[in-house]
Amino acid sequence: MAELSVYVDKRLKLRFKLACTAQEKPMSEIIGLLMKQWLETAETPPEAQTKAGQNVQN
């Protein structure tokens, strides 16, 4: 594990903390999941994204 520090709007952090607490999930677990989801699209080559979009439209 590694520590990650970020700055976000105070209200956004409070909403996030409340939502995580309501679901009894650690904030770090949810952030990790969100990062993995984002990386799946961010690390996909642009031509693969275009082809995938074309397949959906056809």
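**Reading the labels on a three-helix chain**

Me: How many salt bridges does the predicted model have?
Reply: The count comes to 2 salt bridges, taking a Lys or Arg side-chain nitrogen within 4 Å of an Asp or Glu carboxyl oxygen as the rule.

Me: What makes Asp 9 and Arg 11 a salt bridge?
Reply: Their closest N and O atoms are 3.5 Å apart. The cut-off is 4 Å, so the pair qualifies.

Me: Why is the contact of Lys 25 with Glu 29 called a salt bridge?
Reply: The N to O distance between these side chains is 3.9 Å. The rule asks for within 4 Å, so Lys 25 and Glu 29 also pass.

Me: Are the partners Asp 9 and Arg 11 buried or exposed?
Reply: Asp 9 has 40% relative accessibility. Since buried means under 20% and exposed means over 50%, Asp 9 is partly exposed. Arg 11, at 64%, is over the 50% limit and therefore exposed.

Me: How do you know which class Lys 25 and Glu 29 belong to?
Reply: Lys 25 stands at 38% relative accessibility and Glu 29 at 37%. Both values fall between the 20% and 50% limits, so Lys 25 and Glu 29 are called partly exposed.

Me: Where does a side-chain oxygen of Asp 9 reach, apart from the salt bridge?
Reply: At the start of helix 1, this oxygen comes to within 2.9 Å of the backbone nitrogen of Arg 11. A polar contact needs N or O atoms within 3.5 Å, so the distance meets that limit.

Me: How do you know whether the length of helix 1 fits what is expected?
Reply: Helix 1 has 13 residues and spans 18 Å from first C-alpha to last. That is close to the 18 Å expected at 1.5 Å a residue.

Me: What makes Glu 24 stand out after helix 1?
Reply: Glu 24 has a positive phi of about 55°, although it is a residue other than glycine. Most residues other than glycine have a negative phi. Glu 24 sits in the loop between helix 1 and helix 2. With 74% relative accessibility against a limit of over 50%, Glu 24 is therefore exposed.

Me: Which residues form the nonpolar patch on the surface?
Reply: The patch is formed by Leu 4, Val 6, Val 8, Leu 12, Ile 31, Leu 34 and Met 35, with about 640 Å² of accessible area together. Helix 2, residues 27–42, gives the most to the patch, with 3 residues.

Me: Why can Val 6 pass the accessibility test for a patch?
Reply: Val 6 has a relative accessible area of 59%. A patch residue needs over 30%, so Val 6 passes that test. The value is also over 50%, so Val 6 is called exposed. Val 6 lies in the segment before helix 1 (10–22).

Me: Why is Met 27 called partly exposed?
Reply: Its relative accessible area is 30%, so Met 27 falls between the limits of 20% and 50%. Met 27 is in helix 2, and its C-alpha is 9.9 Å from that of Lys 13, 14 residues away along the chain.

Me: How many of the 58 residues count as buried?
Reply: The share is 3%, with buried meaning under 20% relative accessible area. The chain exposes about 5800 Å², and carbon and sulfur atoms supply 59% of that area.

Me: Which element has the lowest mean pLDDT?
Reply: Helix 3, residues 46–57, is lowest at 65, and helix 1 is highest at 98. The chain averages 89, with 81% of residues scoring at least 70. Where pLDDT is low, the predicted coordinates should not be read in detail.

Key. Residues numbered from 1 in each chain as written. Predicted model: local features only at pLDDT ≥ 70, side-chain atom pairs only at ≥ 80, totals over all residues. Heavy atoms only, no water. Patch = residues over 30% accessible without salt bridge, like charges linked within 9 Å, V, L, I, M, F, W, Y side chains within 5 Å. Areas by Shrake-Rupley, 256 points an atom, 1.4 Å probe, with all protein chains shown as cover. Helix = DSSP H or I, 4+ residues; strand = E, 2+ residues; numbered from the N terminus. Buried < 20%, exposed > 50% of the residue type's maximum accessible area, 1.4 Å probe, protein only. Expected span 1.5 Å × (residues − 1). Polar contact = N/O pair within 3.5 Å; in protein donor to acceptor, adjacent residues only side chain to side chain. pLDDT = per-residue confidence, 0-100.
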